[in-house]
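Here are my notes on the model you sent over, point by point. Have the structure open while you read, since I jump around the chain a fair bit.

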Amino acid sequence: MTQTSKFRNLLVSCGAVATLALGGLVKPANAAEQFNEKGVQFDRDTIIEFQFLKSNNSAQSTFGVVDVATGEKTPLINEARAQDRPGRNVTGTAGKAVRKPFAEFTFKAGKTYALYLESTQKGKGTTTVYSLPDKNGGSQLAQFENDATSLGTQGVRISWNDGISGKGGDYNQFLVIAGGGIGCPCKPSPVLTAPIPPEVPPTRNNAPSGRG
């Protein structure tokens with residue numbers, strides 16, 4: 001299991017969290033409603049970071065998020081080439097097949113999302129699979145290890161069958177891990193929790209001494 005040390009920033013910075021919380025108290029990552037094959041949904045705006053781990057396929061893939069209601073896709077991580085050494089193996093790693101292995105996405109409160117993997121093999125045709133089985137004709141092509149309660153700790157690993165390279169039971173063609181959320185290890189800024197008291201006008205008792 002990939003550990004949290006592999007994340008660039010497992011938890012979102014306090015400033016970003018405070019902005020999303022709109023000045024309220026920060027809630028832990030387990031406030032998420034769901035992050036699994038039934039969909040991705042949170043009860044307030046939430047930033048999640050994704051990290052590419054490895055690919056084992058003959059296809060060139062792009063991983064992203066799709067808004068279930070509108071169908072709008074947001075690509076997050078893409079392979080610049082299908083493998084590290086095309087023609088010699090099927091392994092793709094960060095820095096070689098994938099130039100930018102980290103990406104972030106802000107999930108809007110109350111909206112339902114899914115994850116997707118779009119793949120092209122040798123430049124011919126495109127196959128798109130989703131984390132929602134219903135969008136794959138009933139086939140489950142993404143497996144989630146852990147759930148939303150793990151987003152702020154060890155993360156959630158998502159293993160894909162790209163619908164091209166592997167057999168029906170294989171889920172090792174494209175591997176990513178999700179982490180972060182609205183949890184924050186530090187205290188909220190006092191400015192966000194209490195108004196600054198008004199300045200007290202000078203009186204005979206508190207006026208500064210001297211003439212300047």
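1. A quick definition before anything else: two strands pair if DSSP finds at least two bridges between them. By that rule β4 and β8 pair, in the antiparallel sense and over eight bridges. One residue pair to look up here is Ser 61, which stands opposite Ser 119 in β8. Bear in mind throughout that this is a predicted model.

2. Now the overall layout. The protein chain has two helices and twelve strands, and reading along the sequence gives the pattern α-β-β-β-β-β-β-β-β-β-β-β-β-α. Of its 212 residues, 41% count as buried.

3. Back to β8, because it has another partner to look at. Strand β8 (residues 113–121) runs antiparallel to strand β9 (residues 124–130), and five bridges join them. Ser 119 turns up again here: its bridge partner in β9 is Thr 127. Glu 118, for its part, stands opposite Thr 128 in β9.

4. How many residues separate β8 and β9 in their hairpin? There are two between them, and Lys 122 in the turn has a positive phi of about 55 degrees. As background for anyone scanning a Ramachandran plot, most residues other than glycine have a negative phi.

5. Asn 146 belongs on the same kind of list. Its phi is near 80 degrees, again a positive value in a residue other than glycine. Asn 146 lies in the loop between β10 and β11, and it counts as partly exposed because its relative accessible area is 31%, between the cut-offs of 20% and 50%.

6. The strands on either side of that loop go together. β10 and strand β11 (residues 156–160) pair in the antiparallel sense, over four bridges, and the bridge partner of Phe 144 in β11 is Ile 158. Which residues of β10 make up its covered face, and which the uncovered one? In β10 (residues 142–145), Ala 142 and Phe 144 are on the covered face, while Gln 143 and Glu 145 are on the uncovered one. The general rule behind this is that side chains in a regular strand alternate between the two faces of the sheet.

7. On to the salt bridges, of which the structure holds three. Take Lys 108 and Asp 45, where the closest N and O atoms are 3.7 Å apart. This pair links distant parts of the chain: Lys 108 is in the loop between β7 and β8, Asp 45 is in the loop between β2 (39–41) and β3, and their positions lie 63 residues apart in the count. Both partners are partly exposed, Lys 108 with a relative accessible area of 40% and Asp 45 with 22%.

8. Next, Lys 111 and Asp 67, whose side chains meet in a salt bridge at 2.7 Å, N to O. Here too the pair links distant parts of the chain, with Lys 111 in the loop between β7 and β8 and Asp 67 in strand β4, 44 residues apart. Is Asp 67 buried or exposed? Asp 67 is buried, because its relative accessible area is 5% and the cut-off for buried is under 20%. Lys 111, on the other hand, is partly exposed at 35%.

9. The remaining bridge I'd flag joins the side chains of Lys 73 and Glu 118, at 3.6 Å, N to O. Lys 73 lies in strand β5 (residues 73–78) and Glu 118 in strand β8, so the pair ties together parts that are 45 residues apart in sequence. Lys 73 is partly exposed at 31% relative accessibility, and Glu 118 is partly exposed at 30%.

10. For your electrostatics, there is a patch of positive charge on the surface, where Arg 81, Arg 85, Arg 88, Lys 96 and Arg 99 gather. Lys 96 is found in the loop between β6 (91–92) and β7 (102–107), and it counts as partly exposed at 45% relative accessibility.

11. Last, a loop residue that is out of sight. Ala 59 is found in the loop between β3 (46–56) and β4 (60–67), yet it is buried, with a relative accessible area of 0%. Ala 59 and Gln 173 are 8.8 Å apart in space, C-alpha to C-alpha, and 114 residues apart in sequence.

Terms used
Residues numbered from 1 in each chain as written. Predicted model: local features only at pLDDT ≥ 70, side-chain atom pairs only at ≥ 80, totals over all residues. Heavy atoms only, no water. Patch = residues over 30% accessible without salt bridge, like charges linked within 9 Å, V, L, I, M, F, W, Y side chains within 5 Å. Areas by Shrake-Rupley, 256 points an atom, 1.4 Å probe, with all protein chains shown as cover. Salt bridge = Lys/Arg side-chain N within 4 Å of Asp/Glu carboxyl O. Lys, Arg positive; Asp, Glu negative; His and termini not counted. Charge placed at Lys NZ, Arg CZ, Asp CG, Glu CD. Buried < 20%, exposed > 50% of the residue type's maximum accessible area, 1.4 Å probe, protein only.
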